[in-house]
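Biologist: I should like to learn how the features of a structural model are read. Could we proceed one feature at a time?

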Amino acid sequence: MPDPYDIAPPLPKPALPGEVLVRESVDDLLDAMTSDMLFQAKSCVRAFGDFHLALSGGSTPEPLYRRLMYDQRVRDFPWKKTHLWQVDERCVADDDDRRNWKMIADLLLDHSDIPLAQTHPMPVLDPGGDLAYETSLREALEWREKGHDRLDYVVLGMGNDFHTASLFPGSVALDAPAGRLAVFNDGPGVVPPKRMTLTYEILNASRFLAVLITGKGKRDTIAKLVADSRDPHEAPIRGIRPLGGTLRWYLDRDACPE
Ligand code: 6PG
């Protein structure tokens, strides 16, 4: 007869900067993450009247975006007061399956009641698109706290080359000039095609940075991240250091080194 008081062994918690939240399964992890997102969204709507959310692409956040649309526990998410921004985008045509916005629109936008005027896809095919995006960000954010362009909640992922957003190892965007909030990025490490990405400056000014990493395929990369102190030029995720906001890693057990 198993001992009824036999408490399950604690989940591994990798020593990463900021807060680390580990759950046994992706489902349990998304329970926690969607609850945190709802709390942040409601707090910002109360404080500012709106909520500025920036989303990454890639495959990891897809279940999160689906969950936000069907989970009854977040049915009162303030989508009507939400501005949706992009963390990064591939410089390909609108209907190209590699477009992050296409995935975000399919999974989330088309099912939420975010007003169209509050959706902000990156204009990646416009040669001046990065400066235009930067202007949109400033116009939307600067009235809240003069000179502090702060996003409220940012969903980030991580590639196995330690990139996050479209900040790739050894790429020019890692050293974007002060004052730049969005830039095109290119270079040997950039997974083709060329990208547009938010810069460290605006990412690190955010109120809440959520790094969502799941699956055994990321375990070795997390282990290396914990084991050594490679420079952000080699491991761009290391350059994610919020100035005053929260950095929280959301990991499932599979992504955690034993
Ligand atoms: C992108 C993403 C990127 C992503 C990582 C992880 O445009 O690809 O914004 O930064 O977060 O590449 O991708 P996966 O979640 O697919 O592993």
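Modeller: Let us begin with G170, which belongs to the loop between β6 and β7. Please bear in mind throughout that the model is predicted.

Biologist: Is G170 buried or exposed?

Modeller: The general idea is a cut-off on relative accessible area: a residue is exposed over 50% and buried under 20%. G170 has a relative accessibility of 54%, so it counts as exposed.

Biologist: How far apart in space are G170 and D71?

Modeller: Separation along the chain and separation in space are read independently. G170 and D71 are 99 residues apart in sequence, and their C-alpha atoms are 40 Å apart. For another pair, G57 and V155, the sequence separation is 98 residues and the C-alpha to C-alpha distance is 9.1 Å.

Biologist: Where is G57 placed, and is it buried or exposed?

Modeller: G57 lies in the loop between β2 (51–55) and α2 (62–70). Its relative accessibility is 14%, and G57 therefore counts as buried.

Biologist: What does G57 offer to the ligand?

Modeller: Here one reads the distance between polar atoms, with a cut-off of 3.5 Å for a polar contact. A polar backbone atom of G57 is 3.2 Å from an oxygen atom of the ligand. Two side chains also take part: a polar atom of the D88 side chain is 2.7 Å from a ligand oxygen, and a polar atom of the K218 side chain is likewise 2.7 Å from an oxygen atom of the ligand. As to cover, the ligand taken alone exposes 420 Å², of which the protein buries 87%.

Biologist: Which residues surround the ligand, and where does the ligand sit?

Modeller: The shell consists of 15 residues, the closest being T60, D88, H163, A165 and K218. By class, the shell comprises 2 nonpolar, 9 polar and 4 charged residues. The ligand sits in the largest pocket.

Biologist: A165 is among the closest residues to the ligand. What is the sign of its phi angle?

Modeller: The backbone angle is read together with the residue type. A165 has a positive phi of about 50 degrees, although it is not a glycine. It is found in the loop between β6 and β7, and A165 is buried because its relative accessible area is 7%, under the 20% cut-off.

Biologist: What is the phi value of F162?

Modeller: Phi of F162 is near 70 degrees, again a positive value in a residue other than glycine. F162 is located in the loop between β6 and β7 (182–185). With a relative accessible area of 6%, F162 is buried.

Biologist: How is a buried charged residue read, and which contacts does D152 make?

Modeller: One reads its place, its accessibility and its polar partners in turn. D152 is in the loop between α4 (129–141) and β6 (153–156). Its relative accessibility is 0%, so D152 counts as buried. A polar atom of the D152 side chain lies 2.7 Å from the backbone nitrogen of H52. The D152 side chain also makes a polar contact of 2.9 Å with the side chain of R207.

Biologist: Which side chain does D175 contact?

Modeller: The side chains of D175 and H233 are joined by a polar contact of 2.9 Å. D175 is placed in the loop between β6 and β7. D175 and E62 are 113 residues apart in sequence, with a C-alpha to C-alpha distance of 29 Å.

Key
Residues numbered from 1 in each chain as written. Predicted model: local features only at pLDDT ≥ 70, side-chain atom pairs only at ≥ 80, totals over all residues. Heavy atoms only, no water. Near = heavy atom within 4 Å. Polar contact = N/O pair within 3.5 Å; in protein donor to acceptor, adjacent residues only side chain to side chain. Areas by Shrake-Rupley, 256 points an atom, 1.4 Å probe, with all protein chains shown as cover. 1 Å grid on protein atoms, 1.4 Å probe; cavity = no way out; pocket = protein on both sides within 12 Å on 5 of 7 lines; lining within 4 Å. Sits in = over half its atoms within 2 Å of the grid points. Nonpolar A, V, L, I, M, F, W, Y, C, P; charged D, E, K, R; others polar. Helix = DSSP H or I, 4+ residues; strand = E, 2+ residues; numbered from the N terminus. Buried < 20%, exposed > 50% of the residue type's maximum accessible area, 1.4 Å probe, protein only.
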